[in-house]
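Here are my comments on the model you sent, set out as numbered points. Please read them with the structure open beside you.

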Amino acid sequence: MVYVAVPLSGFMANGGQTVLGGVRLAAEEVNRSGGLLGHRIVVRPLDDEADSDVAVSQVEEVREALERGERVVAVIGHLNSGQTLAAMEAYQGLDLVVITPTSSEKSLTERGYGNFFRVNADDTVQAAVDARFLTEDLGADQVAVVHNDTEYGRGLAELLIEELEGRGAEAVLRLEVAEGQSRYESEVTEVIAAEPDAVFYAGYEIEAPYLRMALVEAGVEVPMLASDGAFLGATIDEAAGTAEGMYVSAFAPSPENVADERWFEAYQAVEYRDPDTYSVNGYVAMEVLLEGARQAGSLEADAIAEALRDHTLPTLLNGLRYQPDGDLVDAEIWIYQVQDGEFRQISQ
């Protein structure tokens, strides 16, 4: 059994559903070919509601399943760094592997968890790539840095500012907003007063479209780059047409750039919907788990973790290799722009 712990209801449900869809497709494929080491993979969703208290409480369900003797191989999750940070304190004592598809807070792999891995870059990588894009591709020297009040938003903003300063650029403004905030009159006034030549936003799709709309409606024409947390369709859909031209960094390439028609058809057959932004991450997280178990020849967590660190793992994103701490070797970030109402990949 593999638990998938992501938000499946509430304001971040779409993000979690894209991950779950990718996991389900990978499980369906391996089950059709005979299962994993002779076992059928059962995917069991856990709705963490994008709430850390809920995420922690749900660890008890996983623990109870293990105590009943159920063969729980792994948890794939969580979507957000806050929930992953909260739940890992409990997961680390359980006999399973945890693979996050998208959590990027850098300290996650600095805490000595022996059973934790991620298939995405951490925020040190994202900050470096985003700072380079801002300064080299957009020619920005003075950047207004806005972030939400989560561990993720604060941490990424701090790292980005350090990277900008290392490149001779300046954060002329740093603003914190509330998670889920939708009105930005005073913040826009401060951005205008700072006279930046670019705006960077570290936060989620539940804030980014409204910030973008407020900036555009106020006549702010400088480029805007949002972080991976805004890489969801809601950023475009909720911006009332103002998202056009904005940039977003992401932890995965567009499905169209890495998957063939057969993969799309298989996904649609399993999920009854098109793959979305982080369907690739969910799929790859399951691929990593399956390949680790195959290489280990075992469903035991310690053996899988050792195999993940010792082998190159073939995935939809080519061969992935892990550092001892659970971070990827040569992790990547992709840059997108909203063009004609869709995210278009413009660089890697």
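1. What volume does the second largest pocket have? In this predicted model, the volume of the second largest pocket comes to about 300 Å³. Its lining is made up of 21 residues, and those that lie nearest its centre are Leu317, Asn318, Leu320, Glu332 and Trp334. Two elements, α9 and β12 (318-320), give two or more residues to this lining, and β12 provides the largest share, with three residues. Sorted by class, the lining of the second largest pocket holds twelve nonpolar, six polar and three charged residues.

2. Asn318, one of the residues nearest the centre of that pocket, deserves a second look for its backbone. Asn318 lies in strand β12 and, although it is not a glycine, has a positive phi of about 70°. Most residues other than glycine have a negative phi.

3. A second backbone feature concerns a peptide bond. The bond from Gly77 to His78 is cis, its omega being near 0°, and His78 is placed in the loop between β3 (74-77) and α3. Most peptide bonds, by contrast, are trans.

4. The largest pocket contains about 430 Å³ of space. It is lined by 20 residues, of which Ser254, Glu256, Asp276, Glu342 and Phe343 are the closest to its centre. At least two lining residues come from each of α8 (233-237), α9 (255-258) and β14, and the largest share, four residues, is supplied by β14. The lining of the largest pocket divides into eight nonpolar, six polar and six charged residues. Helix α9 therefore appears in both descriptions, since α9 supplies at least two residues to the lining of the largest pocket and two or more to that of the second largest.5. The open sheet of seven strands follows the order β7-β6-β8-β9-β10-β13-β14, and its pairing is mixed. Strands β7 (170-177) and β14 (342-347) stand at the edges with a single partner strand each, so one side of each is left without a neighbour in the sheet. On average, and with direction ignored, neighbouring strands of this sheet are turned by 25° against each other. At the β14 edge, strand β13 (residues 334-339) runs antiparallel to β14 and is joined to it by five bridges, with Tyr336 standing opposite Gln345 in β14.

6. Two helices pack on this sheet, and both touch β6, β7 and β8. Helix α5 (residues 151-166) has a direction that makes about 165° with that of β6 (142-148), whereas the direction of helix α6 (residues 185-194) makes about 175° with that of β7.

7. The last point is a helix pair. The axes of α2 (residues 52-67) and α3 (residues 81-91) come within 8 Å and cross at roughly 35°, and the crossing is right-handed. On the α2 side the contact is made by Ser52, Ala55, Val56, Val59 and Arg63, and on the α3 side by Gly82, Gln83, Ala86, Ala87, Ala90 and Tyr91. By class, this contact of α2 with α3 has seven nonpolar, three polar and one charged residues.

Notes:
Residues are numbered from 1 along each chain as its sequence is written. This is a predicted model: local features need pLDDT of at least 70, side-chain atom pairs count only at pLDDT 80 or more; totals for chains, interfaces and linings use all residues. Side-chain values use heavy atoms; hydrogens and water are left out. Two strands pair if DSSP finds at least two bridges between them. Axes are lines fitted to C-alpha atoms, for helices over the stretch in contact, and angles run from 0 to 180 degrees between N-to-C directions. Contact means heavy atoms within 4.5 Å. On a 1 Å grid over the protein atoms alone, a cavity is a set of points where a 1.4 Å probe fits but cannot get out, and a pocket is an open set with protein on both sides within 12 Å along at least five of seven lines; lining residues have an atom within 4 Å of a point. Grid points are joined across faces, edges and corners, and a volume is the space filled by probe spheres set on the points. Ala, Val, Leu, Ile, Met, Phe, Trp, Tyr, Cys and Pro count as nonpolar, Asp, Glu, Lys and Arg as charged, and the others, Gly among them, as polar. A crossing is left-handed if the near helix is turned anticlockwise from the far one by less than a right angle, and right-handed if clockwise.
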